[in-house]
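Open the model in your viewer and get ready to click along. We will begin with the selection rules, take in the whole chain, and then go residue by residue.

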Amino acid sequence: KAMKMFKRKGGCLVELGVQSLDKGVLRKIKREMPPDAVKKAVRIIKKAGLKLGVQVMLGLPGDTLEKSIATAEKLIKLKPETARIYPTLVIKGTELARQYKKGIYKPLTPEEAIEQSSTILDIFEKRGIKVIRIGLHPSKDLDSKSAMIAGPYHHAFGEMTRARSMRNKILDAVKDRYVANRSHIEIHAPRKKFNLISGHKGREKRFLEEYFKVPVLLRSNNILQAKSRRYNITVKDVRKDIALIDPRMPKAAKEKLKKMNYYLAEVPLHKKLPKPIKGHVDMMFFKTKDLNIYEPSLENIAKLLRQNGHKCVKGSSIKPNKYPKDILYNACSIGKHIIHYHGKIEKKIKEIKANHIPVAQGYTKCSIIPVDNKHIITSDPGVKKEWEKRGGKALLISPGYIKLPGYKTGLIGGATGVTGKAIFFVGTLSKHPDGSAMREFIKKAEKSVIELYKGPLYDTGTIFLFEAKPRTVLKVFLGM
């Protein structure tokens, strides 16, 4: 009858101060009740046509986070519209104050209270329950040290809890704590929501920057979703493109790649390869559009590529250091074709379903610039002949004129790197007798030429270039 009268008088919502549904906790705070008491109260409230609100307290005597989670999950089944979350405070003149003074009760620390409150907040909000209050409203009594003895009381407690919740969402979404080519974390949000990300006095933003070891940049985004009347917060994990290189690449070429915003992943020098090519990536790594096969010594390189969404498969180890037994990986993927040595190659490369083109040249990848799926540049007549048999177009250039310390000459493919838009040269084309012809051939294939330093072409064992695609890792929608 009381609820129906309340409804007639204009009431719309009734809140139940549940505190906890754990029997042990209720016993300790002397609020034991029949098992179905809350359910019975909820039935009466809803039968009267009223909305339901619930209040929970964290850090009560005998309470744990696990018990509080269990309470929240039970309350969700009662389908409340709203919830309030209060960390327990110790007030003068209470039984709890006496227990605190005797050392029987220990309140949550501010950090514990924020973390636990953010966990319960997420549980409620994921199920569509609006949390309308976190922490007690500030008052003169609570501000007085004579009244409020102990406990996690703070004027900005709700703000700190919501900021912690956002921080935890970002941590869960970004996942990998350390990614070598990560540039920064970029968060797009309405300017008035920046505090939600930065936290009280910038605390949460500082934590994220220390945790990920990169800057966290806030970008203003006031886009309002018209239908839902909600703003969105977008988190982007921004990364640099990756260049796999021989660590002995000329310094000027490295600096040019860095200025182009590439992360340089230097491969380890392989003990079983001849000294001049110990760090040549094309001797240890095979790349197609969808798959990368790597020699076991490049496990850290593979990990980095996997973190960036590239499929990597471990191949067999290079054991001897004599040609042609050391050229297992030196094959060239071009569209649906793979050009490789007619002798033994890495078995996983051989198993790839593609149009395999066997040739006499062992250093196949080193000998070819795969300009695009139809055009190649090579100094090997046999490679040119086999490619043109398949309908491709090849530019044959003069052998030599390419530096490779320890050998008389290097090869053209080893002095380059290829992307969808450009051909990178370690050196200057003007230093090669067929430089102009190569430039024109590349231009006709509608690609640009990028020269990494002013000097003769230098065989560094191919630059393998990987694009780091924009990664939107989280979208959170917030009410106005």
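Helices here are DSSP runs of H or I with at least four residues, and they are numbered from the N terminus. Keep in mind that you are looking at a predicted model.

**The whole chain**

Start with everything shown as a cartoon. The protein chain holds 15 helices and 26 strands. Turn the C-alpha trace along its principal axes and you will find spans of about 95 × 50 × 40 Å. The radius of gyration is 33 Å, whereas a compact globule of 480 residues would be near 23 Å.

Next, switch on the surface. The accessible area of the protein chain is about 24900 Å², and carbon and sulfur atoms supply 52% of that. Of the 480 residues, 50% are buried. If you draw contacts between residues at least 6 apart in sequence, 69% of them join residues at least 24 apart.

Now colour by charge. There are 98 positive and 45 negative side chains in the protein chain, yet the centres of the two sets lie 4 Å apart.

**Stop 1: Arg206**

Select residues 203–212 to bring up helix α10, then pick out Arg206 within it. Is Arg206 buried or exposed? Neither label fits: Arg206 counts as partly exposed because its relative accessibility is 43%, and that class lies between the 20% and 50% cut-offs. Add Val216 to the selection: it is 10 residues from Arg206 in sequence, with 8.4 Å from C-alpha to C-alpha.

**Stop 2: Asn308**

Move on to the loop between α12 (299–307) and β15 (312–314), where you will find Asn308. Asn308 counts as buried because its relative accessibility is 11%, and the cut-off for buried is under 20%.

What does the side chain of Asn308 meet? Show Asn181, whose side chain makes a polar contact of 3.0 Å with that of Asn308. Then show Leu304: its backbone oxygen is 2.8 Å from a polar atom of the Asn308 side chain. To fill in the surroundings, display the residues that Asn308 touches beyond four places in sequence, among them Val179, Arg239, Ile242, Ala468 and Arg471.

**Stop 3: unusual backbone**

Most residues other than glycine have a negative phi, and most peptide bonds are trans. The next three selections depart from that pattern.

- Tyr323 and Pro324: the peptide bond joining them is cis, with omega about 5°. Pro324 sits in the loop between β15 and β16 (332–334).
- Lys79: phi is positive, about 55°, although this residue is not a glycine. Look for Lys79 in the loop between α4 (65–76) and β3 (82–87); it counts as exposed because its relative accessibility is 61%.
- Glu446: phi is near 65°, again positive in a residue other than glycine. Glu446 belongs to the loop between α15 (435–444) and β24 (448–451), and it is exposed, with a relative accessible area of 71%.

**Stop 4: Trp387**

For the last stop, select helix α14 (residues 381–389) and highlight Trp387. Why does Trp387 count as buried? Its relative accessibility is 2%, and buried means under 20%.

Which residues are in contact with Trp387? Leaving out neighbours within four places in sequence, show Ile334, His337, Ile339, Ile357, Asn373, Lys374, Ile376, Gly392, Lys393 and Ala394. Finally, zoom out and add Thr64: Trp387 and Thr64 are 323 residues apart in sequence, and their C-alpha atoms are 70 Å apart in space.

How values were computed: Residues are numbered from 1 along each chain as its sequence is written. This is a predicted model: local features need pLDDT of at least 70, side-chain atom pairs count only at pLDDT 80 or more; totals for chains, interfaces and linings use all residues. Side-chain values use heavy atoms; hydrogens and water are left out. Helices (H or I, at least four residues) and strands (E, at least two) are DSSP runs, numbered from the N terminus. The radius of gyration is taken over C-alpha atoms; the globule rule is 2.2 Å times the number of residues to the power 0.38. Buried means under 20% relative accessible area, exposed over 50%, partly exposed in between (1.4 Å probe, protein chains only). Contact means heavy atoms within 4.5 Å. Accessible areas come from the Shrake-Rupley method with a 1.4 Å probe; for residues, only the protein chains shown count as cover. Lys and Arg count as positive and Asp and Glu as negative; His and the chain ends are not counted. The place of a charge is taken as NZ of Lys, CZ of Arg, CG of Asp or CD of Glu. A polar contact is a pair of N or O atoms within 3.5 Å; within protein, one must be able to donate a hydrogen and the other to accept it, and residues adjacent in sequence count only if both atoms are side-chain atoms.
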